[in-house]
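Biologist: Could you walk me through this model, starting from its interior? I will ask, and you can reason it out.

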Amino acid sequence: MLSKRFIKICMGFLLLIPAVLSWAETTGFSVAGNIAFTKTGALYCSLVTQKHYENNETSPFNLVLPVGDQERKAKRVTFAFEDVPAGTYAIQCFQDVNDNGTLDQGQFGPKEPWGMYRPKRPPFRGPTFKEIKFEVTSDITDITFEVK
């Protein structure tokens, strides 16, 4: 009697293994797309949470996208953030035209091309996180925006 019950329990666990393995494989999502640009220089992109955005903190999701001859001709570059946990994010990006690794600031704002995924930039100020946020609950592969 005990051995039949033990066998049933073992069979139940064996049936759960595919579901557990499938869950373990989906640790995060892909957030990908294209960025249009007009100048030369690498593109620095970050996928940020509200905390990173509002506190100007470094995100764990950062990309440096080199601009080679092929990208320069097409005036666009592809990007992909991998293993992104579900959550609310924004994408911020700038083009480093003088190759110093930072977004240079002038008296009235950035001196180098910059952009963010979502609506147009508001005049005379940077966008708020609320204006540019989006939800990641599955893979997103069709993001497009421009740095200017």
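Biologist: Which residues touch the most other members of the largest nonpolar core?

Modeller: First, this is a predicted model, with local features needing pLDDT of at least 70, side-chain atom pairs counting only at pLDDT 80 or more, and totals for chains, interfaces and linings using all residues. Residues are numbered from 1 along each chain as its sequence is written, and side-chain values use heavy atoms, leaving out hydrogens and water. A nonpolar core joins buried Ala, Val, Leu, Ile, Met, Phe, Trp, Tyr and Cys residues through side-chain atoms within 4.5 Å, where buried means under 20% relative accessible area with a 1.4 Å probe, protein chains only. In this core of 24 residues, the ones touching the most other members are Phe81, Ile91 and Phe134.

Biologist: Which element gives the largest share of this core?

Modeller: Strands (DSSP runs of at least two residues, numbered from the N terminus) that give two or more residues include E1 (29–36), E5 (87–96) and E10 (140–146). The largest share is four residues, and it comes from E4.

Biologist: Glu112 is buried; which side chain of opposite charge is nearest?

Modeller: Glu112 sits in the loop between strands E7 (109–110) and E8 (114–116). Glu112 has no salt bridge, that is, no Lys or Arg side-chain nitrogen within 4 Å of a carboxyl oxygen of Asp or Glu. With Lys and Arg counted as positive, Asp and Glu as negative, and His and the chain ends not counted, the nearest opposite charge, 8.8 Å away, is Lys111.

Biologist: Which backbone nitrogen lies 3.0 Å from a polar atom of the Glu112 side chain?

Modeller: Glu112 touches (heavy atoms within 4.5 Å) residues including Phe94, Asn98 and Asp104. The backbone nitrogen at 3.0 Å belongs to Val97.

Definitions and conventions: Buried means under 20% relative accessible area, exposed over 50%, partly exposed in between (1.4 Å probe, protein chains only). A polar contact is a pair of N or O atoms within 3.5 Å; within protein, one must be able to donate a hydrogen and the other to accept it, and residues adjacent in sequence count only if both atoms are side-chain atoms. Lists of a residue's contacts leave out its neighbours within four places in sequence.
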